[in-house]
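Reader: I am a first-year student, and I would like a close look at one part of this model rather than a tour of everything. Please take the place where two domains of one chain meet, and go through it slowly.

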Amino acid sequence: MKPLTTDFRSKAAETMVDEQVLQSLEHVYTGFFKGRLEAAGDTDNWEELRDKGKAIKDHTIAHLDYYLEQLADNVEKNGGSVFFAADSAEARKYVLDLAHARKIKTVIKSKSMVSEEMALAQALIDDGIEAVETDLGEYIIQLSGETPYHLIAPAVHKSRKEVAELLDDNYVEGDPVPDATELTMMAREKLRGVFERADMSVTGVNFAVAESGSITLVTNEGNGRMSTTVPRVHVAVMGMEKIIPSIQDLSTMLRILIRSATGQRISSYVTMVNGPRKSDEEEGPEEFHLVIMDNGRQKLLADEQMRESLNCIRCGACLNACPVYRKVGGHAYGWVYPGPIGAIVTPVLTGLKDAGNLPAASSLCGACHDACPVKINIPRMLLELRYRTAEGSTDKAERTSSVRERTVWKAWRIGMMGRKRFDIGARLSRLFLRPLARKGWLKKAPPPISGWTSTRDFPLVSSSSLKARLSKRSKKAKS
Amino acid sequence: MPENTPDSPRPEHVTLFASCMVDQLAPAVGESTVDILEYLGITVDFLDDQTCCGQPAFNSGFRSETLPVATRFIELFEQVEGPIVVPSGSCAAMVRNFYGDLFRSDENMTNRAERVGERLYELSEFISRFFGTDAIKGTLADTATYHKCCHLLREIGVDEEPLEILSNVDGLQMTPLDRADVCCGFGGAFSVKMPDISSAILDEKLDNIEANGSNMVIAADTGCVYQMQGGLRRRGSSVQVVHIAEVLAKSISNSSVLGKS
């Protein structure tokens, strides 16, 4: 998927006036966010589990080479094939070549953000292969020709009516809007036929377990599981960070992932795949391929300040908690990963030069850090990226701060380096703005405050500083 | 986090860090802070040379401009011993949680920053930690709700304490604010740089405030106070947003007036 991070401001502006989408975004708070809080509250050792999850991920990422090798060895021992893809193009080519070599006509896909990075479904279709998303949300998005809006709820911005228009060929304006069950049945009917004729599946990976060479899928619809069993070829695609050492770790990670994602204690389906069908087994695919993709992740790994972002287990909790995401929506972020986690990984994976607005679009409220099951300090990394765009990047093209900004902050520094200047600066600003003020507030102010006064009144600097007031006070006390 | 336990000796003397905003925009909040501390029997020192902790530039990414200002802050407050109190969770968070990142290539400064940070307390944190949430017995007949400022809540970890302190104000009717812990959209320079997003977040907050029906919103950070007050004024609402220090100082003064009569 081609990054369009430069469009952040305009896409955000569109969403902020779209009442229907804003209503839908309410659900990520009232549903997912509140659900997570309840599930966490009902889990005795919740904080302990989060710490454990963080420790597991910290350890794995620190020894990523070792565990990737172990994983690859064990997948091969189980009869599967492993392909390490340096980028999304290589990963895509591997899957396309495989599909052509096996004379594949129909591919069913289950939900996978990595396959979004690869823009895989469209690539298959462009090559003349039928490719159908089977996750309900992804299916809706595919029908509407969009990209996922949310990590775990890709079609969360769609109203039931919009979904009906996409799923029901006979739906006309004014018809009663079908309920969720009816809509699901429509999708089910359409998808059954595809499942029957599919000869290859592409799934994502929630966790790959190094010690057993197995992959785990967490779903609620069951189509993911069916994808791993029905077609004769199963390809699983994963980012190289989606790995954990042991089955024991899996138990911890599943608990925090599912609670953080949907507020469920366990999802309807947790599927583990240990390679292709063995000679004594009756079901399962004939072939199993695991594609492990880098696509910029080594950049994150080598970047001491940003490395922690590789701990992400893609639960979406930071999106649900984020007041900015809930106003600007998922498409504003311009690439595969929306929300706070997108705001820190997208700039590194796709280039900070065009993506400077992503880390800037945050009030640094910390709700994401608070919600993250593995305690990723997202605000700290947003600040790091702001530093790089302002002045810190060694790549000149990434330093996108304007001359005006740089001048403002230089002037600020000069003003803060001495008490006299600090007072003089404040008095001058009062003198300058006072004619515009009424009862101590401004309705309109010149730049750089004009941004503020476009929507809010701005307070005038006080007639005397605290220092002045306290010195008066102590004189009074002495006299 | 500061290491003192709640039962450690009550400080008799503190140094006030006003924060740049309180110093120049809201000195009444600073005076109220002094009133409260004096009510608790503490003498308060004010370092005349103080300006800012550096947070605005740091949050905007301009660390080279922040460094001298933050260094100046540390050098200044190293000159005094004992607790430092600031009526802002955000400034406390800057020093305690973010100076480490700012000074990361300078071990000496990192350690010095930590030393100062260990002595720095946000006002309501200081009150509840050393004097208990029932230490202030004031009177204020009004209706109010409380907004949980993000940095105080999530960076400093002060959640219910301010509400407990306020619950001891006689006559003050508190009604819980829906989504009290959701950001007001301020975010410092973010509020100016991306005013449309900042205001969209604010609007949700203001809807909840107006639905609450109280006369007054109490918050513990001046930035958030102005964000919400500025938005309410623009809406034509009469709801007042007041810093917790001002509410407590007023309640103390009411009580002492009542006591004298």
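Author: The bounds of the domains come from an automatic or database domain assignment, and the model itself is a predicted one. For chain A that assignment gives domain 1 as 1–42 + 316–401, domain 2 as 44–298 and domain 3 as 422–478. The centres of domain 1 and domain 2 of chain A, taken over C-alpha atoms, are 23 Å apart, and the contact between these two domains takes 27 residues from domain 1 and 28 residues from domain 2. On the side of domain 1 that touches domain 2, at least two residues come from each of α2, α14 and α16 (339–350) of chain A, with α2(A) supplying the largest share, 12 residues. Sorted by class, this side of domain 1 has 16 nonpolar, eight polar and three charged residues.

Helices α2 and α14 of chain A come up again when one follows helix α12 of chain A, which covers residues 247–262. This helix has 16 residues and reaches 22 Å from its first C-alpha to its last, close to the 22 Å expected at 1.5 Å a residue. Its buried residues include A:L250, A:M253, A:I256 and A:L257, together with A:D249 and A:R255, and the buried residues of α12(A) pack against α2 (19–41) and α14 (317–321), as well as α3 (46–62), β5 (207–209), β6 (214–219) and β8 (243–244), of chain A. After α12(A) comes A:G263, whose phi is positive, near 85°.

Conventions
Residues numbered from 1 in each chain as written. Chains lettered and ligands numbered in written order. Predicted model: local features only at pLDDT ≥ 70, side-chain atom pairs only at ≥ 80, totals over all residues. Helix = DSSP H or I, 4+ residues; strand = E, 2+ residues; numbered from the N terminus. Expected span 1.5 Å × (residues − 1). Buried ≥ 20, exposed ≤ 12 C-beta atoms within 10 Å, placed from the backbone. Contact = placed C-beta atoms within 7 Å. Nonpolar A, V, L, I, M, F, W, Y, C, P; charged D, E, K, R; others polar.
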